[in-house]
Structure formats: structure tokens, C-alpha cells
Amino acid sequence: MQKFIEHQGLVMPLDRANVDTDYIIPKQFLKSIKRTGFGKNLFDEARYLDKGLPDADCSGRPLNPDFVMNQPRYAGSTILLARENFGCGSSREHAPWALDDYGFRCVIAPSFADIFFNNCVKNGILLIVLYEKTVDQLFQEIAAQEGYSLAVDLPSQTITKPDGTTIAFEIEDSRKNVLLNGLDDISLTLQNEADITRFEADWQNKAPWLFSQVCA
Amino acid sequence: MAGITLYDKLWNSHLVKNLDDGTSLIYIDLHFLHEVTSPQAFEGLRLAGRKPWRAGANMATPDHNVPTTKDERSRGVEGILDPVSKIQVKSLDSNCLEFGISEFAIDDPRHGIVHVIGPEQGRTLPGMTIVCGDSHTSTHGALGSLAHGIGTSEVEHVLATQCLVQKKAKNMLIRVDGELGKGVTAKDVVLAIIGHIGTAGGTGYTIEFGGDAIQSLSVEGRMTVCNMAIEAGARAGLVAVDDKTIDYVKGRPFAPNGELWDQAVTAWLELHSDADAEFDRVVVLQAADIVPQVSWGTSPEMVAPVTGKVPDPANAPNDTKRNNYLQALKYMGLEAGTPIQNIKLDRVFIGSCTNSRIEDLRAAAAVVKGRKVAANIKEALVVPGSGLVKTQAEQEGLDKIFIEAGLQWREPGCSMCLAMNADQLGEGEHCASTSNRNFEGRQGFGGRTHLVSPAMAAAAAVHGHFVDVRDVELH
């Protein structure tokens with residue numbers, strides 16, 4: 001898994017609350033059996049004016065000029081700023097895959113949905129929760145200054161703004177550790193193989209009906 | 001010392017160990033798989049040379065992509081016209097074969113929506129931990145099991161280790177006191193709850209639903225409520241085990257029997273929160289205040305009573321919400337102040353893991369019986385949740401009632417809930433839908449979803465617009 005240690009990049013402001021994972025990547029693109037190639041369909045319904053089809057070439061599709069992603073000043077953004085409850089809805093990991101494939105390394109919002117949060121950590125994407133007031137301030141600063149970029153430093157848990165001032169953020173130790181080290185958590189869990197086996201034997205003893213589920 | 005909650009009991013009984021970083025290793029009893037979120041997980045296992053930890057703890061079925069027309073379904077997997085969907089369904093078949101996982105394939109009579117067939121088959125049992133790469137896995141909490149959705153990386157993790165690394169959630173109790181009025185269903189209860197606490201109200205919590213109104217619901221009704229816990233932001237929803245739960249499970253194909261049954265029931269009867277258990281948050285609603293609900297916007301929290309109006313963004317509590325309301329009204333093509341009953345409809349969808357069980361179909365049939373679908377409704381679909389629900393409905397003659405009224409009787413699957421197959425809304429079309437999400441584009445590019453109960457959807461089909469189902473005479 002890719003690590004997240006530090007990152008500096010342009011910030012794209014998506015002024016929208018409750019951005020759901022259908023909005024991030026619509027269902028027709030979930031038919032793929034791969035993990036890659038979703039970036040061109042990130043925010044598909046907002047980004048293009050026509051209906052997107054799986055496996056189709058997107059280079060000639062009409063762009064929605066009103067959508068923030070199509071404004072030249074935000075081209076090449078790698079940090080996304082959004083409103084509360086980002087990533088709600090479906091558990092599709094295709095949402096972080098699409099963000100990653102497009103090039104987003106970090107999302108900043110006042111709150112995130114639980115499943116989406118986990119899915120991002122598993123893909124080396126850093127989600128940063130900031131107070132609504134701070135997010136508001138960032139929206140204003142981005143609007144006022146073209147080329148607005150932020151520098152995110154995970155070890156020190158700080159964001160540095162263009163004027164040099166910093167914002168501190170919180171993150172759970174477990175998530176920080178996974179992101180900093182790019183850990184493969186299946187290997188990590190399997191280090192506890194003996195504990196799992198012991199638990200399973202004990203559990204089978206207590207609840208044997210769970211281990212004999214055959215069709216009557 | 002205070003008593004413990006149902007969630008804490010389930011957590012404690014499945015705790016393998018607490019890890020140094022504040023997370024825990026939790027044992028998973030049952031893992032459901034479907035075609036959309038599993039291919040990359042199986043590929044991960046293959047690349048790492050790993051095998052499932054306990055193949056028997058998994059059960060698969062293709063549901064998201066499957067067509068629902070008789071013509072396509074009569075030819076099994078080969079009948080799927082969409083070549084991309086066909087590859088995905090075939091991949092599930094071959095992955096299950098390769099990794100020794102039992103599957104109810106597309107042509108199995110027991111096939112259906114994974115959250116319908118799990119409980120129907122008795123695979124879902126009280127006291128289990130259950131996961132699936134689908135957020136509506138919360139449905140299974142209706143039987144007193146700890147069940148929630150996971151992403152594809154976690155699907156691979158559960159396959160390989162039979163465990164998940166988790167951080168314990170907080171406890172929330174949502175109590176609905178008193179008796180529900182006539183025509184007010186489980187769907188209205190959960191929509192009213194989401195309208196009350198918001199789509200992020202349950203984030204970070206496991207929600208236990210309790211109180212007289214929840215206890216009075218059938219197990220199927222409780223599934224409808226728990227199904228939409230995720231729409232309130234909670235990964236898992238729970239209802240305590242009672243006699244109804246035990247009766248529901250008894251005699252199902254995969255349920256224990258004989259001595260094991262007796263042993264299981266003894267354990268299951270402990271699956272409730274202690275009377276003196278403390279919750280981090282308690283929310284109380286009065287059942288008498290809940291009337292049939294209709295969603296007007298693009299988030300499940302944007303609901304109004306059928307007797308109400310589309311709200312005015314000017315009255316939103318803050319700027320973020322006001323923007324949210326404005327964006328929703330623009331997408332939905334609605335004006336603030338429009339009475340809900342004046343919203344014109346183009347299509348009706350009765351189905352999904354929220355509302356496609358036999359009781360849902362009976363409720364819808366009772367409304368349309370002897371009536372006709374309104375002229376302005378282009379299409380009204382009834383999609384049973386499973387092959388067995390379909391058979392049961394046909395034995396009861398419900399299919400004939402629907403067909404005579406002008407609704408289409410389809411083969412089981414997720415269908416227009418997420419429109420991965422051909423069942424989709426056209427741009428700008430309004431749909432009365434018994435599904436769970438009214439997000440932009442969810443039911444088709446530019447489609448406009450209104451979430452309602454099966455009886456409300458059926459009444460809307462007949463009238464061509466929303467009506468208060470409490471005023472409709474049932475047959």
C-alpha cells in the first residue's frame with residue numbers, strides 16, 4: 001500500500017455537504033473487476049454533461065463548465081476540500097480508488113462517513129477532519145487566491161498554509177501508523193494467527209451452531 | 001456497575017484481542033459476497049497466494065447487476081445482455097468455485113438480494129458478527145446480530161483472516177415509544193428517524209432500535225429499519241432478540257435444529273441490552289407523531305410527512321444546509337412550498353433490500369388490488385427480493401394482482417435501487433421508490449427519487465402522484 005508521509009499540492013474546493021459515494025463514482029463504473037482506471041469517471045455526473053458509460057473514452061465528452069473540477073485554475077489539484085459528511089452512502093471502495101486514480105492524496109472536511117474513512121486509509125489517502133469554521137476559512141482563502149496550495153505533514157499532524165501559518169489536526173494513532181508505513185494489514189493481522197485460532201476453537205465450543213451451518 | 005448494551009455483548013463475545021494501537025481484532029462469523037465488491041478481493045488473495053481462512057463462513061450471490069426480465073433470466077448467466085455485467089457475474093461464479101465458497105448462482109431458485117436471502121435461508125442467526133462489501137449489511141442486525149458493510153480491502157481481509165481490525169463504536173439507543181398509527185410502516189419509522197437525527201447523526205455509533213413501536217414490528221419490518229441505519233450514518237443497527245426473532249429463525253434451511261437449536265435459543269435469549277445499560281446517546285420519538293413519509297431531496301434526511309410541503313431553504317438552520325437544500329431542489333426540479341401530494345410521478349419501483357420481502361409485496365398488493373396504474377406512470381416495477389419471495393407471492397396470487405393493475409412482475413435482484421442493470425430512470429423522471437437512497441443519479445442519470453413505503457409507492461402508482469395511504473381503502 002502507498003504511504004502517506006507529507007504532501008504539498010493545489011487544493012480544489014467542492015462546496016457541497018453530504019457528498020455520497022454514488023456522486024464520487026456512479027454505479028455503472030462499478031462493473032469493472034479492476035482496482036484502477038476510475039479517475040476519468042471521478043464525479044462523473046457533475047463533471048460531464050452527458051451520461052457516462054463504462055469503458056468509454058472520456059476525452060471527447062462535453063465538460064460541465066460550472067463544475068469546479070473543470071475550472072483551469074484547479075487543474076492538477078491533489079487536495080480536496082469539502083463540507084460535512086463526505087463519503088456517505090455506499091461502501092464501494094471504488095470511491096477512494098477513483099480519488100486516488102485522479103490524483104487526490106488528501107481530503108479535508110468537517111466530517112466523514114465511517115466506511116469511507118476506513119476505505120481511504122486502506123488506500124493511503126489521508127482524510128483530515130477540521131472544524132467547520134476552519135474549513136469555511138479555507139474555502140474563502142482559496143476563492144481569493146489562485147494557485148492556493150497546502151503542505152500537509154502527517155508526522156507532525158500539521159497543515160501549512162501559503163502564508164506560512166499552520167493548522168494542527170488530530171488523527172487516531174492506528175490510522176496514522178498504517179498511513180506512515182504503508183502497512184499491509186492482512187500480514188499484520190496474520191501475525192496474530194495463533195490468537196485467532198485459539199479464539200475460534202473456544203468460540204466453536206461455546207456456539208457450535210455457528211460452525212455447522214449446512215442446509216437442512 | 002451499570003449493565004451492558006447489546007452491542008457491547010456482541011462485541012465482547014467476538015473480541016479476539018485488543019491491539020496496542022487502540023483497535024481490536026474482531027472475529028467474523030459470516031461473510032456475504034456479491035459480484036460488485038468482491039472481484040478485486042479475490043484477485044488480491046490470488047496475488048498473495050492466500051486461501052480463505054474458513055471457506056464455510058462465506059456465502060455468495062450475484063444481485064447488483066442481474067437483469068430482472070424473464071427473457072434474460074430464463075437463460076441464466078448466459079442470458080445477461082450487458083457484456084460488462086456478464087463478466088462480473090461470471091467472475092463471481094469462477095471465484096467461488098476456485099476458492100470453495102458456496103454460491104446461490106443466478107439460476108438457483110434460492111437466488112436473490114444478499115440481504116434478503118441471508119435471513120430467509122437461516123444463514124443469518126442472532127448473536128453473529130456479519131459483514132459484506134455492501135453498506136446495507138446493517139439489515140441483518142434486525143435479528144440481534146452485529147452486521148455492517150465493509151470495503152473491498154476489508155472483504156479480502158475477512159476472507160484471509162476471518163477477522164476485522166475495528167475500533168469500537170459508541171452506543172446509541174433510538175426508542176420509538178407508543179403505537180404506530182394505521183398505514184404507518186417500518187419504512188416511515190426509519191425515514192422519520194433519519195429526518196430527525198440527520199444522515200450523519202449516527203456516525204461513529206452502533207444504533208440499537210427499541211421501544212414499543214419497534215417491538216411491535218415484525219422481523220421483516222425490523223429489517224427495513226436496520227437496513228437504513230447506514231442512511232443515518234451508523235454502520236450497524238440492532239434490534240434485541242425476542243420471541244418473534246426466535247420464531248422467525250426456527251425451521252429455516254440453515255438454522256440449527258435438535259439439541260443445537262435448544263442450546264442456541266438459550267444463548268440468543270440473552271441478546272438484549274440490560275435494563276440498566278448506559279448509552280452514549282438516547283433519542284426518543286413518539287410513534288403517534290410519525291405519519292407516512294416522502295423524501296423530497298437528494299439525501300435520505302430530506303423527508304417530509306405526506307401531508308407536508310417541500311421546505312423553503314430560507315428556513316434552513318445554517319448556510320451549509322441552505323446550500324444543500326438549494327442544490328437538492330435544483331436537481332429535483334421542485335419549488336419550495338409545493339405540497340408533497342402535488343409532486344407528479346413518472347415511474348414506481350417496489351423492491352430493494354429495504355422493501356422487497358413478502359410482507360412488503362402484500363402491503364403493496366392490498367393497495368393496488370382492483371385498481372389501475374395511473375396513465376401518467378410510464379412504468380411501475382415490482383421486483384421481489386428473492387426467488388423464494390417470488391414463489392411465495394405467486395402462490396398467494398399477488399403477481400396477478402400486480403399484473404392486472406398494470407405493474408410489471410419481475411425476477412429478483414437489486415434492480416432500480418441502484419440501477420446497475422437495465423432498470424433505470426430517465427433524465428428528469430420522478431420515481432416513487434421503496435429503496436433506500438435518493439442520491440443524485442442513484443436510480444439513473446438525472447433521475448429523481450422519492451423514498452417511500454411499499455403501500456405509499458403502490459398508492460402513488462394508482463394515483464400518479466403521492467397520496468396519503470391512510471386515506472386509501474385497502475382490499
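Two strands pair if DSSP finds at least two bridges between them, and strands (E, at least two residues) and helices (H or I, at least four) are DSSP runs, numbered from the N terminus. The exercises below concern a predicted model, in which local features need pLDDT of at least 70 and side-chain atom pairs count only at pLDDT 80 or more, while totals for chains, interfaces and linings use all residues. Residues are numbered from 1 along each chain as its sequence is written, with chains lettered from A and ligands numbered from 1 in the order in which they are written.

**Exercise 1. Find the bridge partners of B:His31 in β4(B) and of B:Leu30 in β6(B), and place their strand in its sheet.**

Step 1. Begin with β4 (residues 58-60) of chain B, which runs parallel to β3(B) and is joined to it by three bridges; here B:His31 has B:Asn58 as its bridge partner.

Step 2. Turn to β6 (residues 129-132) of chain B, likewise parallel to β3(B) and joined to it by three bridges. In β6(B), B:Leu30 is partnered by B:Ile130, and B:Phe32 by B:Cys132.

Step 3. Assemble the sheet, which is open, has five strands with parallel pairing, and follows the order β5-β4-β3-β6-β7 in chain B. Its edge strands, each pairing on one side only, are β5 (102-103) and β7 (146-149) of chain B.

Step 4. Follow the chain through β3(B), helix α2 (residues 39-48) of chain B and β4(B), which make a right-handed β-α-β unit (with the strands pointing away from the viewer, the path from the first strand over the helix to the second runs clockwise).

**Exercise 2. Decide which residues of β3(B) point one way and which the other, and whether they are buried or exposed.**

Step 1. In a regular strand the side chains alternate between the two faces of the sheet.

Step 2. In β3 (residues 30-33) of chain B, B:Leu30 and B:Phe32 point one way, whereas B:His31 and B:Leu33 point the other way.

Step 3. All four residues are buried, where buried means that 20 or more other C-beta atoms, placed from the backbone, lie within 10 Å of a residue's own, exposed means 12 or fewer, and partly exposed lies in between.

**Exercise 3. Locate A:Asn18 and B:Ala419, and explain why each counts as buried.**

Step 1. A:Asn18 lies in the loop between β1 (6-14) and α1 of chain A, and its phi is near 55 degrees, a positive value in a residue other than glycine. Because A:Asn18 has 29 C-beta neighbours inside 10 Å, it counts as buried.

Step 2. B:Ala419 is found in the loop between β17 (408-409) and β18 (430-433) of chain B; though not a glycine, B:Ala419 has a positive phi of about 55 degrees. B:Ala419 counts as buried because it has 25 C-beta neighbours inside 10 Å.

**Exercise 4. Describe the side of chain A that touches chain B.**

Step 1. Count the residues in contact (C-beta atoms, placed from the backbone, within 7 Å): 57 of chain A touch 66 of chain B.

Step 2. Among the elements of chain A that each supply at least two residues of this side are α1 (21-24), α4 (114-121) and α8 (193-206), and α8(A) gives the largest share, five residues.

How values were computed:
Two residues are in contact if their C-beta atoms, placed from the backbone, lie within 7 Å.
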